[in-house]
There are 4 protein chains.
Amino acid sequence: MPAVIDEHPGRQESRAAALAARFVAIRRFSERLAAPLSPEDQTVQSMPDASPTKWHLAHTTWFFETFILARFDGDYQPFDPRYGYLFNSYYEAVGARHPRPQRGLLSRPGVDEILAYRRHVDRAMGELMARAEGKADAALCDLLELGLNHEQQHQELILMDIKHVLSVNPLRPAYQPARPRAETPIWPMRWLRHGGGLVEVGHAGHGFAFDNEGPRHRVWLEPFALATRLVTCAEFLQFIEDDGYRRPEFWLSEGWATINARGWTAPLYWEDVGGRWHVFTLSGQRPVAMDEPVCHVSFFEAAAYAKWAGKRLPTEAEWEQAAATLKLRGNLADTGVLHPMPAADRGGMQQMVGDAWEWTASPYVAYPRYREPEGAIGEYNGKFMANQMVLRGGAAVTPPGHLRITYRNFFPPDTRWMFSGIRLAEDW
Amino acid sequence: MPAVIDEHPGRQESRAAALAARFVAIRRFSERLAAPLSPEDQTVQSMPDASPTKWHLAHTTWFFETFILARFDGDYQPFDPRYGYLFNSYYEAVGARHPRPQRGLLSRPGVDEILAYRRHVDRAMGELMARAEGKADAALCDLLELGLNHEQQHQELILMDIKHVLSVNPLRPAYQPARPRAETPIWPMRWLRHGGGLVEVGHAGHGFAFDNEGPRHRVWLEPFALATRLVTCAEFLQFIEDDGYRRPEFWLSEGWATINARGWTAPLYWEDVGGRWHVFTLSGQRPVAMDEPVCHVSFFEAAAYAKWAGKRLPTEAEWEQAAATLKLRGNLADTGVLHPMPAADRGGMQQMVGDAWEWTASPYVAYPRYREPEGAIGEYNGKFMANQMVLRGGAAVTPPGHLRITYRNFFPPDTRWMFSGIRLAEDW
Amino acid sequence: MPAVIDEHPGRQESRAAALAARFVAIRRFSERLAAPLSPEDQTVQSMPDASPTKWHLAHTTWFFETFILARFDGDYQPFDPRYGYLFNSYYEAVGARHPRPQRGLLSRPGVDEILAYRRHVDRAMGELMARAEGKADAALCDLLELGLNHEQQHQELILMDIKHVLSVNPLRPAYQPARPRAETPIWPMRWLRHGGGLVEVGHAGHGFAFDNEGPRHRVWLEPFALATRLVTCAEFLQFIEDDGYRRPEFWLSEGWATINARGWTAPLYWEDVGGRWHVFTLSGQRPVAMDEPVCHVSFFEAAAYAKWAGKRLPTEAEWEQAAATLKLRGNLADTGVLHPMPAADRGGMQQMVGDAWEWTASPYVAYPRYREPEGAIGEYNGKFMANQMVLRGGAAVTPPGHLRITYRNFFPPDTRWMFSGIRLAEDW
Amino acid sequence: MPAVIDEHPGRQESRAAALAARFVAIRRFSERLAAPLSPEDQTVQSMPDASPTKWHLAHTTWFFETFILARFDGDYQPFDPRYGYLFNSYYEAVGARHPRPQRGLLSRPGVDEILAYRRHVDRAMGELMARAEGKADAALCDLLELGLNHEQQHQELILMDIKHVLSVNPLRPAYQPARPRAETPIWPMRWLRHGGGLVEVGHAGHGFAFDNEGPRHRVWLEPFALATRLVTCAEFLQFIEDDGYRRPEFWLSEGWATINARGWTAPLYWEDVGGRWHVFTLSGQRPVAMDEPVCHVSFFEAAAYAKWAGKRLPTEAEWEQAAATLKLRGNLADTGVLHPMPAADRGGMQQMVGDAWEWTASPYVAYPRYREPEGAIGEYNGKFMANQMVLRGGAAVTPPGHLRITYRNFFPPDTRWMFSGIRLAEDW
């Protein structure tokens, strides 16, 4: 939810114009992500957590239709009134909805019909924005900004989810062609120290942020150090080869139960092919590149690795302090690689932005004095604050322009289909 | 498995030619059934029992490739060697296979690729048949005949399965347009008596039959009577309204547990829409037509209805005796209705062929002295002889030319997505 | 349900006296069976199918209370009115009941209280029987006879169920001391031929029988032969060592799925201890005795073994024909062995009575013209006629005086905690 | 794990003597708790989370045997070497163990045998302690202190678990007699303000504490207020009657899913009996007393109530600050009530100690610079730090002498068989 409050009318006007331009760009980007996929690809749901591509394309559209057009455009005619039921994700306040695990059972509406739905809504949004300019409604702009950030989140989900769909197919089809690359030497882990003390974390500046990123508040930190790069596949492989997945002493109790119940012996998408570890990527299956960050590990695996290594995971406050002055540049979705890349052998913190989301030791809870927004929009973040852990820093599938240093991603500790990696921390 | 043994060479030759012609017709019919469906429709699997349309199109092709081309055509190049794993249904002897409940997770190969696979195999089959003519190999003809009957079974499955896929979609899309029809008066149930005694049942004549239809053998029957038509929706509705689904005294113990665990209160595809029972058909959802046979009931519901009505279900031997002299004509898939129709008000047995498969009181077991064929083909029928009940007579989705009076269909007693109805019997 | 109709008043009187005597004897026998068990033993339910000993002791008592005392004794005061809910097993007509899988959650009433309940009901029954003598009510006698047969069935269940309870305890405690025995040579399988034809099966004579054993009726049999003894552990071990549990060609499809899902590689209660097969018996765990009949196999295992051996299982009509003239003598519960014993090396059919229930190839269905009794008693047998197979001949835990040649036991094909073995048949 | 380090030898000696006395007292108290229970009661496991009483009696004994006698007493002979497998709870480092959900399947060892096991170990412990006096081994004393605190935790579990066992019995048996009490007027909620700032929390003093209570560390708090008493049943009933369980806006997403999946509409042990809410207590079922604290709510229910009330739950640091100066006095297990009591109408914080554990808003994570102890003892606390929430303050079933203000209890947010209640907090 937007924490933005910007009452200057002229700025509001130019804000509306800027948003209208971003609207077009972001909506097109979603369709570009879907373009390499067949109607069959876009229909499949490979697990309850993941949704079909065409569902994402429709749901993001429904968001604008429901929260903006239905409220700000008196003349708006819904494309199909039954879509409200089909494409609501989890907004209890908006009414009943189709069960999440059954999204893959819906062959209709088909991809073509959903693209028509997008055009219908885009046209209405375009007209609404055109009319709105001048009158510059801050509430509309706030919701639009939220809708665009929401669509960007689903862009990342489109890539996460289709990766899973393609991975469960024994044919192991690729989303995009592979770009061969030579492996690089791995430089030894370096550590950046921080003296701790009473610091401030959370969003406070201008511009959009999700409600859960604020309020900005004080936190006391003990002195700590952070690794300047992510854990590599080579390093994680040592953990595996040291029987890491078979030694309970490294694992949280629930983590140990999880890996045994599900038979996990390596990160998601790793497969032993003829005695050699391979990894499935959006560019198909290939041998694991040792210099790349390990990716698609659960919190349980991240924590076990850290314990094996004699280290720990950073808290989100530590992470945010260490990142506070960094630029929002890195291997994000616009590089087109769609997979984590090796860290540059440079001073300073590497891979904090992009490559892989970094598990923190922090459960996802409200910041002090956090208040959920009113209404359905209030369901955006707060209601998920149980049994989830915070991840920071974005990944190679995160759309550019979406991230902030204060951005709090969150997932249950046993999930790993998102692009999640490991950065180590230690006390000093 | 073919019980046919016909050694006369001239007849074998003309048999090969006839089979070649049937091959083309039957293969085309499968594709015609799929034609109204989008790639998205053909991809979805709505429950473990039902398979995606495109899987059926591929699996029937794999059958010819595996059991005929790989054996009789030394030069045959498989379209894609990985398809053996994807499209084997349950033949343990042929090797590992993709798990049945995950067929809907396969977006690739897509519909276009599967149609290309069909053309590849059809071409090779055509050439093989052309070469074979003159030499007329009986084993090849037997397998070809089996393959065609197999494909016809999957044609019925295509219709059963897509009906389920479309039914779980809240949009309730139709497979084909509706053909409106006026309801007709329902004539009272009439009974045809049979004196019983030592009779013969099972397949013995010329022509193809599945292995499980023989050997022909003697059975002792007590005198019985059979209803001359199927139970109508009007009659079944009386059972519902008499609290049939809430009174345990009519139900087998496992049936009572089943309807309570699954919350069944009416046949599959019935839905109370605004206080009126509707039914979902391949032509969409519409009010239940009272004159039509009730359809999509489980064995448990059929048996409970019969008990409520003070009757019972026929055994399969009784059914076969009563049907022995009937013509194989009725409301089968070639009428294009794809739904059971009211019985004609005529003397004699009505609706024995087509409309709806009729549950019998007979568990599906081997006939005396039955022997499974050798090899993978032996897995066709025998291994399913546990916890299933026999159904007889075909349904409105059964392809013409596929049925026999001795035909034994079989399903577990709690299934109902096939077109299954009720014919009553009684002692006398 | 009693098929007995015997209107001669004098005989009724002596029947009542005889029943009164049997009542005392049978009731005592239940308590004797429970005597070696601690209160803790009698409380545990080790799987949903099996019930705690003390539940059996109470449920059999509830049967007399509900179906006899409540009906025939106007002055009867229930021991505790809440027991009706706790100790009804499955009689829907009698009202709601405690869920079967939760019987092991009931610590109260305790064993002492249940024994007091038994004494309360026994006293009332004794008085009722005393008053009834002379007036000799046939309906009461019929129900009493049913109640006694019912209690005998639960005596067998007490032994089956406590065997399972003790077996899941890593301490492997014994119900009774072991009686060491020297192994005997195994004589080769012999076959008894039967010419088939039109035969009669089912109960028709005087004396008690369950409803499902009749009516007596005609059946046509093809010529067949029956093995004159049960399959031994030595023979079954050959099946195991020939990879019987790993070769799908011997298995029904559902059987193959069952053994893989449950990880079965041997009969229930077999365990590989240090490279040697051991078996858990009511006298504790010990090495498998090769000369004994294999026991505790499911129908799926019995059918797979028969197929591997190139034979088949008998139908229940075949079995009954072969047994028709046998005496009801054998290794039943009164030998005290409580485990199958090797067959005597003699001519004629061996082990038909006692030792192990014999799986037949016959699904459990109603005989022609079978009618369920009215009322709750009608739920005794008929409602279980789905997805079960018939077993014949009794076992080493069957109480003497309970069995008949026409007796039809029945279990689902995947169950094996009853004492079930294998007798082979073949066509000739 | 003991944080105690106390090297002064004389004090060590008197510490050993004091511990020896506490050993006897605490061991006796466990047996006194079990005394009202029959062998049947002590055998039942009513859900996987809860263990049979006799298992608790044996497991606490195994703890002393394994971690003290096996290490410090070279002559010790285990009572039964197989008990290690049966009575290990979750110590992976100690070896394999019997699966937790199957503890209720073990009828043997019986209660008498387990009491003999206790006497065997108590005798050996007594001798060890006697020998140890003078030599005064700090490691032994630390482990002994841990073992006693461990046994006290299981004393609370004995009461929690047997309450659940008795509650699922339709007879609703009582653990102890009821003590009637007149209801008192409920005084309005009052609030105690705290100015926040940089505070210290965690254990630092002398004496035993669990490892997870330290290290003592600084935390920044915003100003807050805490309710001076727990939420009453009367107040919680208003939430229920305001459709609290049917309005998603109050619930965390996972909480909403939980209450719907499990059909929760009130706290555990509440039951609508003839239109009036009753509650099951260790003294049997009776009408809900409106003045008592609501108890047996999950974190989800506590959080939903707080949101409905326009408040929030306290963090554990807030709770600890507010409690810092309180005496460890309250309604603990030694009052014998074994149920929360109404708050006294007095100034100051009420019910902070005893009555009901208080859900905090804090996930259970390690304090900064926390290190797990080495070895099996290290599994005591740290490995549970995922998906659990902290509760503070003890309950009416917590043994006296066990609690500290810094004590951190923890449970998953969907559990409620412990005595858990609600204290509200707010920002100011």
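In the predicted model, chains A and B meet through the same surface, because 100% of the interface residues of chain A are also interface residues in chain B. This contact takes 24 residues from chain A and 24 residues from chain B. By class, the chain A side of the contact with chain B consists of 12 nonpolar, 8 polar and 4 charged residues. Two copies of a chain are related by a rotation about an axis and a shift along it. For chain A laid on chain B, the operation is a turn of 180° with a shift of 0.0 Å along the axis, and the RMSD is 0.0 Å. The two copies are thus related as by a two-fold rotation axis. The residue of chain A that comes closest to this axis is A:Glu40, with its C-alpha at 2.6 Å.

A second contact joins chain A to chain D, with 26 residues of chain A in contact with 26 residues of chain D. Three elements of chain A, namely strand 3 (217-221), helix 7 (253-262) and strand 8 (357-363), each supply at least two residues of the side that touches chain D. That side of chain A has 15 nonpolar, 3 polar and 8 charged residues. Here too the copies meet through the same surface, since 100% of the interface residues of chain A are also interface residues in chain D. Superposition of chain A on chain D requires a turn of 180° and a shift of 0.0 Å along the axis, and gives an RMSD of 0.0 Å. For this pair, A:Asn387 is the residue of chain A that comes closest to the rotation axis, at 2.4 Å (C-alpha).

The remaining pairs considered here are not in contact. Chain A does not touch chain C, and their nearest C-alpha atoms are 15 Å apart. Chain B does not touch chain D, the nearest C-alpha atoms again being 15 Å apart.

Within a single copy, the secondary structure of chain A comes to 9 helices and 12 strands. The radius of gyration of chain A is 22 Å, close to the 22 Å given by the globule rule for 428 residues, so chain A is as compact as a globular protein of that length. Along the principal axes, the C-alpha atoms of chain A fill a box of roughly 65 × 55 × 40 Å. Of the 428 residues in chain A, 51% are buried. Among contacts in chain A between residues at least 6 apart in sequence, 81% join residues at least 24 apart.

An unreviewed UniProt entry places the feature "domain: Sulfatase-modifying factor enzyme-like" at residues 195-325 and 345-425 of chain A. Residues 195-325 of chain A are 28% helix and 21% strand, and the end C-alpha atoms of this span lie 16 Å apart. Residues 345-425 of chain A are 0% helix and 21% strand, with the end C-alpha atoms 19 Å apart.

Helix 7 was examined in chain B, where it covers residues 253-262 and has B:Gly255, B:Trp256 and B:Ile259 as buried residues. Viewed down the helix axis, the buried residues of helix 7 of chain B fall within an arc of 100°, so they line one face of the helix. An α-helix has 3.6 residues a turn, so residues three or four places apart point the same way. The buried residues of helix 7 of chain B pack against helix 8 (299-308) of chain B. On the face turned away from this buried side, helix 7 of chain B carries the exposed residues B:Ala261 and B:Arg262. Just after helix 7 of chain B, B:Gly263 takes a positive phi of about 70°.

A further buried position of chain B is B:Phe23, located in helix 1 (residues 9-34). B:Phe23 counts as buried because it has 20 C-beta neighbours inside 10 Å, the cut-off for a buried residue being 20 or more. With residues up to four places away in sequence left out, B:Phe23 touches B:Met125, B:Met129, B:Leu144 and B:Leu148. B:Phe23 and B:Glu145 are 122 residues apart in sequence, while their C-alpha atoms are 8.7 Å apart in space.

Note on methods. Residues are numbered from 1 along each chain as its sequence is written. Chains are lettered from A and ligands numbered from 1 in the order in which they are written. This is a predicted model: local features need pLDDT of at least 70, side-chain atom pairs count only at pLDDT 80 or more; totals for chains, interfaces and linings use all residues. Two residues are in contact if their C-beta atoms, placed from the backbone, lie within 7 Å. Helices (H or I, at least four residues) and strands (E, at least two) are DSSP runs, numbered from the N terminus. Ala, Val, Leu, Ile, Met, Phe, Trp, Tyr, Cys and Pro count as nonpolar, Asp, Glu, Lys and Arg as charged, and the others, Gly among them, as polar. UniProt positions are given in the numbering used here, feature names are shortened, and annotations may be inferred rather than shown by experiment. A residue is buried if 20 or more other C-beta atoms lie within 10 Å of its own, exposed if 12 or fewer, and partly exposed in between; C-beta atoms are placed from the backbone. The arc is that of the directions from the helix axis to the C-beta atoms. Copies are superposed by least squares on the C-alpha atoms of residues with pLDDT of at least 70 in both. The radius of gyration is taken over C-alpha atoms; the globule rule is 2.2 Å times the number of residues to the power 0.38.
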